[in-house]
Amino acid sequence: MPELQGRAVTLRPATAADVPALAEIRATPEVRRWWRGSDDLAAAVEADIADEATTVYTVRRDERVVGAIQWYAEEDPDYRHASLDIFLAPDVHGLGLGPDAIRTLVRHLVEAYGHHRFTIDPAARNTQAIRGYAKVGFRPVGVLRRYERGEDGRWHDGLLMELLADELAH
């Protein structure tokens, strides 16, 4: 996997050395609210990195790990697309790093793999993330009703958003 350079971020393939920093970010209340996981977040991050179907990059700003972005592909040629997920440390929220990381990864997936369509599925209540995805060009296409169980034990809606390669906002 190559290193990818955005305007303000660098995406580097995640390794075992990145697990402590990523687990620490995932443990912050602002991130954990949306990116839950077991009580052992280091094990959850290790599992993500080890998952052969998912490609995980660290998001770095000035050499500091500030988050992760990952993708996986639907390989059926009749439905081929890539799905993305991202989380960032709370102290860099609002700085435009998320949209920069997404644009950087999407461009790479278009150029290197020929992907033409991308999806992302934030919690329907995660308005900050939804605004960030819209800045890149993602559009809401439907509500995923009772999509994900929350920490409260109840089911919560998700929002399915998609982006076509030629709609990527610069």
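**Entry 1: the hairpin**

I started with strands S4 and S5, which are joined by a hairpin through six residues. The model I am reading is predicted. S4 covers residues 64-74, and S5 covers residues 81-88. How many bridges join S4 to S5? I found eight, and the two strands run antiparallel.

I then looked up single pairs. Isoleucine 69 stands opposite isoleucine 86 in S5. Alanine 73 has alanine 82 of S5 as its bridge partner.

**Entry 2: the other side of S5**

Next I followed S5 to its other neighbour. Two bridges join S5 to S6 (residues 117-120), and this pair runs parallel. The chain gets from S5 to S6 by way of helix H4, in a right-handed β-α-β crossover. I met alanine 82 again here, since its bridge partner in S6 is phenylalanine 118.

Is S5 enclosed or open? I checked burial, with under 20% relative accessible area as the cut-off. Seven of the eight residues of S5 are buried, so the strand is largely enclosed by the rest of the structure.

**Entry 3: the whole sheet**

I stepped back to see the sheet. It is open and has eight strands, in the order S1-S2-S3-S4-S5-S6-S8-S7, with mixed pairing. Which strands stand at the edges? They are S1 (4-5) and S7 (139-149); each has a single partner strand, so one side of each lacks a neighbour in the sheet. I reminded myself that strands of a sheet pair through backbone hydrogen bonds, either parallel or antiparallel.

**Entry 4: two neighbours in S4**

I went back to S4 and listed contacts, leaving out residues up to four places away in sequence. Isoleucine 69 touches ten-odd places along the chain, including Leu11, Val56, Ile86, Ala101 and Leu105. Glutamine 70 lies in S4 too, and its contacts include Trp35, Asp48, Thr54, Ser83, Leu84 and Leu105. Is glutamine 70 buried or exposed? Its relative accessibility is 12%, so it counts as buried.

**Entry 5: the nonpolar core**

I looked up the largest nonpolar core next. It has 44 residues. Isoleucine 69 is among those with the most contacts inside it, together with Leu11, Leu84, Ile102, Leu105 and Phe138. Which element gives the largest share of this core? It is helix H4 (residues 97-113), with six residues.

**Entry 6: helix H1**

I turned to H1 (19-27). Its buried residues are Val19, Leu22, Ala23, Ile25 and Arg26. They cover an arc of only 160° around the axis, so they sit on the same side of H1. The face turned away from that side carries the exposed residues Pro20 and Glu24. What do the buried residues pack against? I noted H2 (29-32), H3 (41-50), S3 (54-61), S4 and S5. A general rule helps with this pattern. An α-helix has 3.6 residues a turn, so residues three or four places apart point the same way.

Just ahead of H1 I stopped at alanine 17, in the loop between S2 (10-13) and H1. Alanine 17 counts as exposed because its relative accessibility is 66%. I also took a distance from there to histidine 108. The two are 91 residues apart in sequence and 24 Å apart in space, C-alpha to C-alpha.

**Entry 7: helix H5**

I repeated the check on H5 (residues 127-136). Ala129, Ile130, Gly132, Tyr133 and Val136 are its buried residues. Their arc is only 160° around the axis, which puts them on the same side of H5. Arg131 and Lys135 are exposed on the other side. The buried residues of H5 pack against S5, H4, S6 and S8 (155-164). Glycine 137 follows H5 and has a positive phi, near 120°.

**Entry 8: positive phi elsewhere**

I then looked for positive phi outside glycine. Most residues other than glycine have a negative phi. Glutamate 63 has a positive phi near 70°. It lies in the loop between S3 and S4, and glutamate 63 is exposed, with a relative accessible area of 54%. Where is arginine 146? I found arginine 146 in strand S7. Its phi is positive, about 45°. Arginine 146 is exposed, with a relative accessible area of 64%.

**Entry 9: the record**

Last, I checked UniProt. Its unreviewed entry lists residues 9-166 as "domain: N-acetyltransferase". In the model, the end C-alpha atoms of residues 9-166 lie 22 Å apart. That span is 32% helix and 35% strand.

Methods:
Residues numbered from 1 in each chain as written. Predicted model: local features only at pLDDT ≥ 70, side-chain atom pairs only at ≥ 80, totals over all residues. Heavy atoms only, no water. Core = buried A, V, L, I, M, F, W, Y, C linked by side-chain atoms within 4.5 Å. Buried < 20%, exposed > 50% of the residue type's maximum accessible area, 1.4 Å probe, protein only. Helix = DSSP H or I, 4+ residues; strand = E, 2+ residues; numbered from the N terminus. Contact = heavy atoms within 4.5 Å. UniProt positions renumbered as here; feature names shortened; annotations may be inferred. Pairing = 2+ DSSP bridges. Right-handed = clockwise from strand over helix to strand, strands pointing away. Arc of directions from axis to C-beta.
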